[in-house]
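Me: I have a structure I have not looked at before. Can you walk me through it?

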Amino acid sequence: MIDVRYFAAAAEAAGVDGEQLAAGSADEVRAAMITAHPALAEVLGRCALLAGGVRVDGTDPVPAGVTLDVLPPFAGG
C-alpha cells in the first residue's frame, strides 16, 4: 500500500486530503485514484505526482510504503 496525499484542487476534487491505495506504476495509481474519485479525472492530467519527493509518471514505479503527493500547478511567487 501507499499513502496518497492530495493538495489544493486535487483534494477538492477527491473530497479527501489523503487515503491509502495499492502500489503499482504511476499510471496504475492514477487509474485507481480516478476509479475511487471520478471528479479527479479533470484535475489529474495537470498534476505532478511525487513519490517520496521524486516525480513519477507513466510506468515509473510507486513502491509500497511510499508517500505519493498529488500536486496541482500552483500560482504565485
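Reply: We can go through the sheet, then the core, then two single residues. Keep in mind that this is a predicted model.

Me: Start with the sheet. What is the order of the strands in it?

Reply: The order is β2-β1-β7-β4-β5, five strands in an open sheet with mixed pairing. β2 (18–21) and β5 are the edge strands, each pairing on one side only. On average, neighbouring strands are turned by 30° against each other, direction ignored.

Me: Mixed how? Do β1 and β7 run parallel or antiparallel?

Reply: Parallel: strand β1 (residues 2–6) is joined to strand β7 (residues 67–71) by four bridges. Y6, for example, stands opposite V70 in β7. β1 and β2 pair in the antiparallel sense, over four bridges, and there I2 stands opposite L21 in β2.

Me: And how many bridges are there between β4 and β7?

Reply: Four, in the antiparallel sense, with β4 covering residues 48–51. L50 has D69 in β7 as its bridge partner.

Me: Different topic. How many residues are in the largest nonpolar core?

Reply: It has 21 residues, and those with the most contacts inside it are I2, V4, Y6, M33, V62, L68 and V70. At least two residues each come from β1, α1 (8–14), α2 (26–36), α3 (41–44), β4 and β7.

Me: Why would nonpolar side chains gather like that?

Reply: As a general tendency, nonpolar side chains in soluble globular proteins are buried together.

Me: Take V70, then. What does V70 touch, leaving out residues up to four places away in sequence?

Reply: V70 touches V4, R5, Y6, F7, A10, M33, L44, C47, A48 and L49.

Me: Back to D69. Is D69 buried or exposed?

Reply: D69 counts as buried because its relative accessibility is 12%, and the cut-off for buried is under 20%. Its side chain has a polar contact of 2.6 Å with the side chain of R5. Not counting residues up to four places away in sequence, D69 touches R5, F7, A48, L49 and L50.

Me: What about V54, where does that sit?

Reply: V54 lies in strand β5, which covers residues 54–56.

Me: Is V54 buried or exposed, and why?

Reply: V54 is exposed, because its relative accessible area is 52% and exposed means over 50%.

Me: How far apart are the C-alpha atoms of V54 and L68?

Reply: They are separated by 9.2 Å, and the two residues are 14 residues apart along the chain.

Conventions:
Residues numbered from 1 in each chain as written. Predicted model: local features only at pLDDT ≥ 70, side-chain atom pairs only at ≥ 80, totals over all residues. Heavy atoms only, no water. Pairing = 2+ DSSP bridges. Buried < 20%, exposed > 50% of the residue type's maximum accessible area, 1.4 Å probe, protein only. Polar contact = N/O pair within 3.5 Å; in protein donor to acceptor, adjacent residues only side chain to side chain. Contact = heavy atoms within 4.5 Å. Core = buried A, V, L, I, M, F, W, Y, C linked by side-chain atoms within 4.5 Å. Axes fitted to C-alpha atoms, helices over the stretch in contact; angles between N-to-C directions.
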